[in-house]
Amino acid sequence: MMRFLKPLMGFWLLLCCLAVATDATYLKYKDPKQPLGARIKDLMGRMTLEEKIGQMVQIERKVATPDVMKNYFIGSVLSGGGSVPAEKATAETWVNMVNEIQKGSLATRLGIPMIYGIDAVHGHNNVYNATIFPHNVGLGVTRDPELLRRIGDATALEVRATGIPYVFAPCIAVCRDPRWGRCYESYSEDHKIVQQMTEIIPGLQGAIPFNSRKGIPFVAGKQKVAACAKHFVGDGGTTRGIDENNTVVNYNGLLNIHMPAYYNSIKKGVATVMVSYSSWNGVRMHANHDLVTGYLKDKLRFKGFVISDWQGIDRITSPPHANYSYSVQAGVSAGIDMVMVPENYTEFIDELTRQVKNNIIPMSRINDAVQRILRIKFLMGLFENPLADNSLANQLGSKEHRELAREAVRKSLVLLKNGPSANKPLLPLPKKAGKILVAGTHADNLGYQCGGWTITWQGQSGNDLTVGTTILNAVKNTVDPATQVVYNENPDAGFVKSNGFSYAIVIVGEPPYAEMFGDSTNLSISEPGPSTIRNVCNNIKCVVVVVSGRPVVMQPYVGIANALVAAWLPGTEGQGVADLLFGDYGFTGKLARTWFKTVDQLPMNVGDSHYDPLFPFGFGLTTKPNE
């Protein structure tokens, strides 16, 4: 009997060993068939404090070596404005860089993938050869949510083409004062238009399933990206439009003007929300527990993660970083889940660890933050597909996306004046003319027409920054081959008079800028713009095209320009401007911002008692396309 029993016992022992071995290798959190909550709970149960705090850290690409990722369990990496792996880097170079960093994260004990984020605020704007769409100030003019969804869809594909799954967009600020240097990042002074434009979120992330619970984020797979509604809340309402300053408004004003687009964003499943540098009635938003936790997380039931802005917690104090211990405590306690450190990560990790170990910040707050971060990583499939490939490389700057951007340009321009009267219009211009003049600083400058947040943080001048069509080249492409196009950036009156031009197109505006560098007290167009307008328009028929991130002082020139067009910051597809000037399409755009007469009227928004604009909110002349 024992003869038969021994092999049988050996067999059962082998089975038990196999079961134990299988059990040891089966990790519930790595099983995509498991419910999301079960995966989060399983992984959280395995994590040390060190691993949890690492998930809350976002660092800049420049310091994100694979060893740093592995040794500090870093949860996220970003490219700051203009931070690229190489000048004019290809999609493949980007993918290789992101994957190299990711391999460091995957080599950790638990293999939690990092999430890479980037500012893609008007297309994939840091990347050479990407399609650069008009900035938000122009897109608000379109009042076309479906167009915004398509732009989101195209942007997601171009971002994913470079191996990146997360974008810091859209900006849903309601800019109430054009003196603010970020006004071009805002769709409108009217929250209702901003709310409409949140349709870019389903474009970026995919359309949320109709039976989804409110507040639960949604990202639909490998061709979509996690989005970020920013900057929570009141960033567009600061006193005198000073960037990162104080928004003075009562609670109802905050909720009625600056909050509504967050309702729409959360309803559409936005994955993340970025906190604003600004204050509300003197309290820094990065330290505002009542609004970040009490309102956003509790009342609105937002279940994604809240991220700080660049060095956002440092700037809780003035000067920044004056009391870092306080900044860490105030920021994390307010409800910030992920901190964009972005470089001095050991200081943040050490300080947060100290505060948790000393019961200054409770473990429950750390757990809440990490659960939210893991929720996004799980639901967007990062655990199943942590590494990118080159399969979408052909999406970057594709012909279809450039055509879409060109359509967006056409829909975003506003015709403010067209001839001395309705029955004597200047536009559309004839394509067939003996000789025409194109003048102005912004006629042949791709960098100027794209604006800030293009290739670099502040933007740049010139035509070598990326691939696109300047307005001058668009004019040349559009006119009859027999029409002679003469370009002179700043002609004197004698040149204009003596050359027998049929008409002139003068293209002037603002230089590129971003954030506080764009704050302006005078809102004038840059020299020699004003003298170019006078020299040209005082002597021949002219249309003035204004390339700017906001309404600028135009009252002195309205009388001498025969026609006036607001082109905002149209991006790489300048052909869309020529499409309208020459009548291939008609003007349809209506102002989504009030165009003031003088800066001393500001702030002045539609509905104000002192409302006396040069061109009112909603104004815009229309033309019919040529037969």
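**Exercise 1. The surroundings of Asn246**

Which residues is Asn246 in contact with, leaving aside its neighbours within four places in sequence?

Solution. Once those sequence neighbours are set aside, the contacts of Asn246 are Gly237, Thr238, Thr239, Ser279, Trp280, Asn281 and Gly282. These values come from a predicted model, and they should be read as such. As a next step, place the residue in its element: Asn246 belongs to strand S6, which covers residues 246–247. Then look at the side chain of Asn246, which reaches the backbone nitrogen of Asn281 at 3.2 Å. Finally, consider Tyr277, which is 31 residues away from Asn246 along the chain, while the C-alpha atoms of the two are separated by 9.4 Å.

**Exercise 2. The sheet that contains S6**

Work out the order of the strands in the open sheet of three strands, and then explain why S6 and S9 stand at the edges.

Solution. The order is S6-S8-S9, and the pairing in this open sheet is mixed. S6 and strand S9 (283–284) each have a single partner strand, so one side of each is left without a neighbour in the sheet. Turning to one pair within the sheet, strand S8 (residues 279–280) and S9 are joined by two bridges and pair in the antiparallel sense. Within this pair, Ser279 has Arg284 in S9 as its bridge partner.

**Exercise 3. The open sheet of five strands**

Describe the order and the pairing of the open sheet of five strands, and identify its edge strands.

Solution. Read across the sheet, the order is S4-S3-S2-S1-S11, and the pairing is parallel. The edge strands are S4 (166–167) and S11 (339–340), each of which pairs on one side only. To examine one pair in detail, take strand S1 (residues 57–60) and strand S2 (residues 76–79), which run parallel and are joined by three bridges. In this pair Ile59 stands opposite Val77 of S2.

**Exercise 4. Strand S12 and its partner S17**

How many residues of strand S12 (residues 414–418) are buried, and in which sense does S12 run beside S17?

Solution. Five of the five residues of S12 are buried, and the strand is described as mostly covered. S12 and strand S17 (residues 563–566) run antiparallel, with four bridges joining them. One of the residues to locate here is Leu415, whose bridge partner in S17 is Val565.

**Exercise 5. Two helix pairs**

Find the angle at which helix H2 packs against helix H15, and then treat H10 and H11 in the same manner.

Solution. Helix H2 (residues 36–46) and helix H15 (residues 363–379) pack at an angle of about 130°, and their axes are 10 Å apart. That angle makes H2 oblique to H15. The contact is formed from the side of H2 by Leu36, Arg39, Ile40, Leu43 and Met44, and from the side of H15 by Asn367, Val370, Gln371, Leu374, Arg375, Phe378 and Leu379. The crossing of H2 past H15 is right-handed.

For the second pair, the axes of helix H10 (residues 251–258) and helix H11 (residues 260–267) come within 4 Å and cross at roughly 50°. H10 and H11 are therefore oblique to each other. Where they meet, H10 supplies Leu255, Asn256, Ile257 and His258, while H11 supplies Pro260, Tyr262 and Tyr263.

**Exercise 6. Helix H12, Asp337 and Lys224**

Which residues of helix H12 (residues 289–299) are buried, and is Asp337 buried or exposed?

Solution. The buried residues of H12 are Leu291, Val292, Thr293, Tyr295, Leu296 and Lys297. The N-terminal end of H12 is capped by Asn288, a side-chain oxygen of which lies 3.3 Å from the backbone nitrogen of Asp290. Just after H12, Arg301 takes a positive phi of about 60°.

Now follow Lys297 to its partner: a polar contact of 2.8 Å joins the side chains of Lys297 and Asp337. Asp337 is found in the loop between helix H13 (324–334) and S11. Asp337 counts as buried because its relative accessibility is 0%, where the cut-off for buried is under 20%.

Lys224 can be treated by the same reasoning: its relative accessibility is 13%, so Lys224 counts as buried. Lys224 lies in the loop between helix H9 (200–205) and strand S5 (228–232), and its side chain makes a polar contact of 2.5 Å with the side chain of Asp153.

Terms used:
Residues numbered from 1 in each chain as written. Predicted model: local features only at pLDDT ≥ 70, side-chain atom pairs only at ≥ 80, totals over all residues. Heavy atoms only, no water. Pairing = 2+ DSSP bridges. Buried < 20%, exposed > 50% of the residue type's maximum accessible area, 1.4 Å probe, protein only. Polar contact = N/O pair within 3.5 Å; in protein donor to acceptor, adjacent residues only side chain to side chain. Axes fitted to C-alpha atoms, helices over the stretch in contact; angles between N-to-C directions. Parallel < 35°, antiparallel > 145°, perpendicular 65-115°, else oblique. Left-handed = near helix turned anticlockwise from the far one by under 90°. Contact = heavy atoms within 4.5 Å.
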